[in-house]
Amino acid sequence: MSSIRFQSIVALCFVLIARGVSAEDAGAALKLQPDLTELSLEQLTQIQVPSVTGASKFEQKETDAPSSVSVITEGDIQKFGYRTLADALRSEAGFDVSYDRDYGYIGVRGFNRPGDYGGRVLILVDGEQLNEPIYDSAFNMTDFILDLDLIERIEIIRGPGSSIYGDNAFFAVINVVTKSGGDFKNGELAGSYGTYNTWQERLTFGHRFESGLDILFSGSLYDTDGARRLHYKEFDAVNHGVAQGLDGDRFHSFFGKVSYGDLTLEGAYVSRKKDVPTAPFGTAFNDPGYNTVDTRAFVNLKYEHQFDGFGLMARTYYDYYRFDGDYPFAMIGADQLTHIIINRDYVPAQWAGAELQLTKTLFDRNRVLLGAEYRDTFQALQQNYDVSPRTTYLDSNHPTQRCAFYLQDEWTLSDSLSLNVGARYDHFSTFGDTFNPRAALIYHPWKATTVKGIYGTAFRAPNTNESYYTSPTQGPNPSLQPEKIRTFELVGEQQLGKYFQASLAAYSNRISKLISEEDDNGLIVFQNRDNVSARGVEMTLESHAQNGLSGRFSYTLQETKDLATGLRLSNSPAQLFKLNLSVPFYSDKVFGDLELQASADRRTLLGKEAEGFYLVNFTLFTQRLLPNLELSASVYNLFNAHYGYPGAQEHLQDVITQDGRMFRLKATYSF
Amino acid sequence: MKSRRRIRPGVIIAAAMLGTLGWCVTVHADEALEYRVKAAFLFNFAKFVEWPAQKFTQADAPLIVGVMGSALINDFLEEAVQGKVLNEHPVVIKRVGNASEGRKCHLLFVCRSENGRSGPILAQVKGDNVLTVGESDNFVARGGMINFVTINNNVRFEIDATAAQKAGLKISSKLMTLALPSSR
């Protein structure tokens, strides 16, 4: 990026910071920390103190969690104008989300191979696992099951999590915690409009009654035309390489949560249809026929109670996933004319299960967690056929079952040292058993310092698509084994003075038995074949001011290597840099929020480079300026950087270019 | 052909300076916030509890708040009570390591890291009019009087009024109304 643009960003930051610093000035020196003893008891009970639930399934403060953890709050989501979970994750150290005009793919610590479906990150909503059994997808864009406004916080737990969560908790666990009815007076109405005729609407009803009954119901709609003209030079032979009006995206979603006493009933649904302009898999270019529909839903019932001496959590769930894909192929018919034949995927899956958890404190120093889970995926159907003339290529159903036991002990060795040890045993009806331990030593040598040493393993089970998908060009492999990762990590967290918190994490990952496509005499088959090492360092600095000024900055160095070829992995940038700055312009009512993200070059599948880039996003956010109204105006990719992510095997494009400058206006009215 | 764009070191240094520069002096980390809030609560508890007359040797004897465990809350308490006086009693903070030191306190706070050792200490300070406060799941079950609980990211507390009464302490109804219902 040119030095002029960079200097203007620097200038912008200085202006913002100067503004933020002077916002609280009353001519006198800046206010020091207010005396909390001046507050009344009622006021003290209102203060929000962040905590983390996902890291080891206890309510736990971030510095005590046995992992490197960070939290994105609902305030962050509104202030920085995050449109999707992907936007929120992109602000996190070590995270990178690429997009191919169909799905977003979450990369963690340098690992984001083009073509992988993202099953190495586990996404939870209130403890409910979102990854589906066919493709393991970790939906994070308009296909994500929740409207972002319903999120109370997102906990990002880096490192192996299979010792508690089992499958998919390979690189990270992302635990999304939803709001409750009590967070609303009676409800909210929200609407937003953005570039490419993007509309989103939401209506929420939420209330907590005197009796303790808490209800929340919400529905959202989204529709965008997408980029109207996309040029791909690889397709210059067709319509000059322009895909016209083929980037549309729409979804509708619902969420409901009812809780009373120890019981909570929760359900969610999303159905999202995306038009795909990139013509992957050799489909016809600039044809409106290519689209993918992903539908995901769940219902769960949870009971939680703290008895005299032990805690109990029991839950049962039912999940549904359906994928519908339409693919237009150009065929030359007997009449020498080109006909479009639509090939269709119909892939429904349903599963249900139950989980039980007991927590107990033993010998005064051990907090023990014991859990068991059973899951039956009773439908995992893959159908593929040409619509007309009707020719069926695949029609198979492969139900599977799994059960698991896990145990974790949080052992307080002394007032500055604790050991968190756990392991989980999983049995899958497909491949058999896997055992995954984790141990973390957490040490507070002095009051403001935490040092953690973590070792753990995690796995990703082969999914239905990898094991059983069959077509004229692809063969099944039912004897696939799970992928494994072994991690060593050292984390240091330090409060600097009373105003900053810094952390440094160094990790070394050894990944083996990666499931990849292999060409077996013209037939593509998935095999456990790749081994990768990934090492890196993540540095973060965070601070929060009394007047609302807050910031987060991270820099990561990451090195990945395919152990067979000795080459860096594709789509693995060596450096990532992120900065988030939230500046109060006027009391706690108006904020200017700046985001800066930079990435180094990435290798593509053809061995070329997708060039490094800088992205700047800015949001002006207001609350309580007008009664019951929150307004925001956001600009994304302010300097219109031209950048792209590497394409996968199915793309003719080596690099898939991303959107330029976009904007969004949003209003939320609460009643 | 554009030159390769690696992130130049200068950018990082500039950004680091940017990041630290102007970040207001008045900031604090999140874990500290929890303990600052609890320190403020402890000071408030002292305001709403009445000790029997014999607990104070004279009219302006210090009101001793003992802390077992974390040094962090100790510092915040020092800061919170600096120079403050309750009913003519100057408030003083003490680190407590054993039962005999605990007996001398008016209010004893047991950090969660110390919870393993708190049982015997709670038993031994029973007869000495000490208000015991903790932050662990089973603190009240072991004989503690007030326990901090975090619910929905708010710091709340539960009170065992009977235990306090048995220790000769009178808890103001104002404090009782803000406490969580005792059977959770």
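Asp87(A) counts as buried, at 10% relative accessibility. This residue belongs to a predicted model, in which Asp87(A) is among the residues nearest the centre of the largest cavity. A search of the whole structure finds 16 cavities of 30 Å³ or more, and 49 salt bridges are present over all chains. The points below begin with Asp87(A) and the cavities, then turn to charged pairs, backbone features and chain B.

**Asp87(A) and its surroundings**

- Asp87(A) is part of helix α4 of chain A, which covers residues 85–89.
- The side chain of Asp87(A) comes to 2.9 Å from the backbone nitrogen of Arg83(A).
- Beyond its neighbours within four places in sequence, Asp87(A) is in contact with Gly81(A) and Tyr82(A).
- The relative accessibility of Asp87(A) is 10%, and the residue is classed as buried because this value is under 20%.

**The largest cavity**

- The largest cavity encloses about 810 Å³ of space.
- Its lining is made up of 46 residues, and those nearest the centre are Arg83(A), Asp87(A), Met141(A), Asp659(A) and Met662(A).
- By class, the lining of the largest cavity contains 19 nonpolar, 15 polar and 12 charged residues.

**The second largest cavity**

- The second largest cavity holds about 250 Å³ of space.
- It is lined by 24 residues, with Pro133(A), Thr400(A), Arg402(A), Phe428(A) and Pro462(A) closest to its centre.
- Three elements of chain A, namely β18 (366–386), β20 (400–412) and α6 (464–468), each contribute at least two residues to the lining of the second largest cavity.
- This lining divides into eight nonpolar, 11 polar and five charged residues.

**Salt bridges**

- Glu188(A) and Arg202(A) form a salt bridge in which the closest N and O atoms are 2.7 Å apart.
- This pair links distant parts of the chain, since Glu188(A) lies in strand β8 (residues 187–194) and Arg202(A) in strand β9 (residues 198–208), with their positions 14 residues apart.
- Glu188(A) is buried, with a relative accessible area of 14%, and Arg202(A) is also classed as buried, at 3% relative accessibility.
- Arg322(A) and Asp324(A) meet through their side chains in a salt bridge with an N to O distance of 2.8 Å.
- Within that pair, Arg322(A) is partly exposed at 29% relative accessible area, whereas Asp324(A) is buried at 17%.
- A separate statement concerns shared partners: salt bridges join Arg113(A), Asp116(A), Arg120(A), Asp136(A), Arg460(A), Glu466(A), Glu483(A), Glu518(A), Arg529(A) and Asp530(A) into one network.
- Lys233(A) and Glu234(A) also form a salt bridge, with their closest N and O atoms 4.0 Å apart.
- In this pair, Lys233(A) counts as exposed at 60% relative accessibility, while Glu234(A) counts as partly exposed at 28%.

**Backbone features**

- The peptide bond from Ser388(A) to Pro389(A) is cis, with omega near 0 degrees.
- Pro389(A) is placed in the loop between β18 and β19 (391–397) of chain A.
- Asp126(A) is not a glycine, yet it has a positive phi of about 50 degrees.
- The position of Asp126(A) is in the loop between β4 (121–125) and β5 (128–129) of chain A, and the residue is buried at 18% relative accessibility.
- Asn197(A), likewise not a glycine, has a positive phi of about 60 degrees.
- Asn197(A) sits in the loop between β8 and β9 of chain A and is partly exposed, with a relative accessible area of 30%.

**Phe613(A)**

- Phe613(A) lies in strand β33 of chain A, which spans residues 613–623.
- With a relative accessibility of 5%, Phe613(A) counts as buried.
- The C-alpha atoms of Phe613(A) and Asn140(A) are separated by 22 Å, and the two residues are 473 residues apart along the chain.

**Chain B**

- Chain B contains seven helices and nine strands.
- It has 184 residues, of which 56% count as buried.
- Among the contacts in chain B with a separation of 6 or more, 62% are between residues 24 or more positions apart.

Terms used: Residues numbered from 1 in each chain as written. Chains lettered and ligands numbered in written order. Predicted model: local features only at pLDDT ≥ 70, side-chain atom pairs only at ≥ 80, totals over all residues. Heavy atoms only, no water. Helix = DSSP H or I, 4+ residues; strand = E, 2+ residues; numbered from the N terminus. Buried < 20%, exposed > 50% of the residue type's maximum accessible area, 1.4 Å probe, protein only. Polar contact = N/O pair within 3.5 Å; in protein donor to acceptor, adjacent residues only side chain to side chain. Contact = heavy atoms within 4.5 Å. 1 Å grid on protein atoms, 1.4 Å probe; cavity = no way out; pocket = protein on both sides within 12 Å on 5 of 7 lines; lining within 4 Å. Points joined across faces, edges and corners; volume = space filled by probe spheres on them. Nonpolar A, V, L, I, M, F, W, Y, C, P; charged D, E, K, R; others polar.
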